[in-house]
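Hi,

Here is the structure I promised to pass on. Have a look, and then read on for what turned up in it.

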Amino acid sequence: MSSTLEIRGLCKSFGGIVVADSIDLDLSPGRVLGLIGPNGAGKTSLFNLVCGVVKPDAGSIRLDGQSLEGLPTYQRARMGLARTWQNLRLFPSLSVMDNLMLGPRVYSADRLVDVLFRPAQIRANEAEARDRARDILERTGLSPIAQSRVQDISFGQQKLVGVARALMNDARCLLLDEPMAGVEGQTYALIQKAVRDIAASGVAICVVEHNVAFIRDLCDEGVFMFAGKVLARGSVEQLIADPHLTELYFGT
Amino acid sequence: MDFVYSILIFIGLFVILASSFDLVIGHCGLISIAHPIFYAIGAYVSAMLSKQSGMPVPLSILCGGVGALLASALVSVPALRVSGDYLLIASIGFQLGLIELAKHFHEIGGAGGLTNIPSFLIKDFGRESYVVLVLALAGVTVLFIRWLTQGPYGRMMTAMRDDELAFSMLGRNAIWIKVAVFAIGSGIAGIAGGLYAHYFRFIEPDQFGLLQSSAVLTMVVVGGMRTTMGPVIGAIVLQLMPQVITFFNLPPSILGPLQGLLFTGLVLFFMFVRPQGLLPAADLWVGRKPLEGAGHSGKEARS
Ligand SMILES: Nc1ncnc2c1ncn2[C@@H]1O[C@H](COP(=O)(O)OP(=O)(O)OP(=O)(O)O)[C@@H](O)[C@H]1O
Ligand SMILES: [Mg+2]
């Protein structure tokens, strides 16, 4: 089966710090891959490289067979790449609903000429996006707070809004950076279910997470990263049972 | 009476300038203070077209607006491709450079200015008609900007200001939005320039310099950024205040510096005491009615 995201020989260093050391990695449709590794292993950097936030020193990245080389972030998103951020990055001046409204690959008002001269099309696009947003809010249990400001909701809910906003893209490949950090209780189950549902629809997903129980419950497979290298790939059980990896992880 | 008309015209023109500048600097978050150069381009293009080729004034004013709109891209496209911060420097360079250039261009009047610009409406319908035209266009501008910023485009500008990286990751092209908004704001300023030229019938390069920039900036800051009425109130207050001062019959040696100090003093005062301006903007963007959909939850959150 061909992979949705195909990373080959990806290298990047910041000054002396190597964050990606010839990484090869594949994400397959419908599969959830857990990315495990200690702080500073280069997990977020890998996401940044894939998204075009950081330019690689070498290597190639393909999404559904198409090279992403040199493309700006927004074009990668339009090709079906979506992500969440470790530090949330929601839009504080917008309501939960409006945060989501900006998420579709094609936004109602991307082109100013359309705004000025094709109001009917804008209205139709807005209505369509709103229906989609309502549906996603419903599925993630966020409907009751759809009109709240993002600062006024709990941290767990904010994380969930980040996931929900990424879902608006209808992405082919979804990257989640620590969706569970600081989240507890029922939100935990909601995020689990949301991610499983998306994977079931054929999306390739990669989750960075320090919460090992979450990774084990959720992921089909795991990858262990250390100092910019992919050291091992296998079932999450295997990875966490490996004494060598555990040692690297806890730095003992 | 002419004196009152002039003040009203100035108020109308500065409402247009301040509102369109607020679109650029407030709503879109583009740091540039070169707004008056697009006012100048509109004024010069319209004046030259009507004077040299006898183009009807309404058409020449429109061409002035289009000229300013296109000229803005000369600054914004190269600058914004580098980075957002670059725009401030590039636009000031453009503003001061173009003013110097105009001073040495005798075909457009040089440093002495361009005289005998064709008038419009006034001969047939009196000065009142022009006052009405300018004030009506000021109203249209304010309503247009409110419409734009409360619609999906405004939602997009708000998100872009909040977090440009997260914004790009959703598939939105920030550079193009900035170029487009800068162009629209500049085009509106260009129209105001044409309106100015055909009323006062004289323009000179020096009047579109940094003093003018600081005046427009002061209006927006004092009135309140990112509000519909803030720039309007700012424009009115700052146009009337110098007139009020002249009533005190102070000697000209004091009057001149006093008016200059007014802008600086007001900006400093507001920055320290009331940075949000007379009318503070809401910290949550709320779209206009039809955008919000018919959902029941819409109203609860507002309360
Ligand atoms: N833009 C940057 N410039 C310089 N150094 C950077 C940059 N981004 C990341 N780094 C460095 O690269 C290393 C890897 O960082 P990264 O954020 O990818 O780690 P991580 O695996 O996500 O860790 P964590 O689990 O703490 O989130 C760190 O040492 C970090 O300081
Ligand atoms: Mg990280």
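What volume does the second largest cavity have? About 40 Å³. Please keep in mind that this is a predicted model.

That second largest cavity is lined by Leu5(A), Ile7(A), Leu25(A), Leu27(A), Leu35(A), Leu46(A), Phe47(A), Val50(A), Leu175(A) and Cys206(A). Two or more of the lining residues come from each of β1 (5-14), β2 (17-27) and α1 (43-51) of chain A, and α1(A) gives the largest share with three. By type, the lining has 10 nonpolar residues, no polar and no charged.

The count comes to four cavities of 30 Å³ or more, and the largest has a volume of about 50 Å³. Its lining is mixed: four nonpolar, two polar and three charged residues. Among them are Trp85(A), Lys159(A), Asp177(A) and Glu178(A). Here the largest share, three residues, belongs to α6(A).

On to that helix. α6(A) is mostly covered, with 11 of its 13 residues buried. Lys159(A), Gly162(A) and Val163(A) are among the buried ones, and these three also line the largest cavity. The partners that the buried residues pack against include β6 (81-83), α5 (119-139) and β7 (173-177) of chain A, and also α8 (164-169) of chain B.

The length of the helix checks out too: at 1.5 Å a residue, the 13 residues of α6 (155-167) should span 18 Å, and the end C-alpha atoms are 19 Å apart, which agrees.

Best wishes

How values were computed:
Residues are numbered from 1 along each chain as its sequence is written. Chains are lettered from A and ligands numbered from 1 in the order in which they are written. This is a predicted model: local features need pLDDT of at least 70, side-chain atom pairs count only at pLDDT 80 or more; totals for chains, interfaces and linings use all residues. Side-chain values use heavy atoms; hydrogens and water are left out. Helices (H or I, at least four residues) and strands (E, at least two) are DSSP runs, numbered from the N terminus. The expected span of a helix is 1.5 Å times one less than its number of residues. Buried means under 20% relative accessible area, exposed over 50%, partly exposed in between (1.4 Å probe, protein chains only). Contact means heavy atoms within 4.5 Å. On a 1 Å grid over the protein atoms alone, a cavity is a set of points where a 1.4 Å probe fits but cannot get out, and a pocket is an open set with protein on both sides within 12 Å along at least five of seven lines; lining residues have an atom within 4 Å of a point. Grid points are joined across faces, edges and corners, and a volume is the space filled by probe spheres set on the points. Ala, Val, Leu, Ile, Met, Phe, Trp, Tyr, Cys and Pro count as nonpolar, Asp, Glu, Lys and Arg as charged, and the others, Gly among them, as polar.
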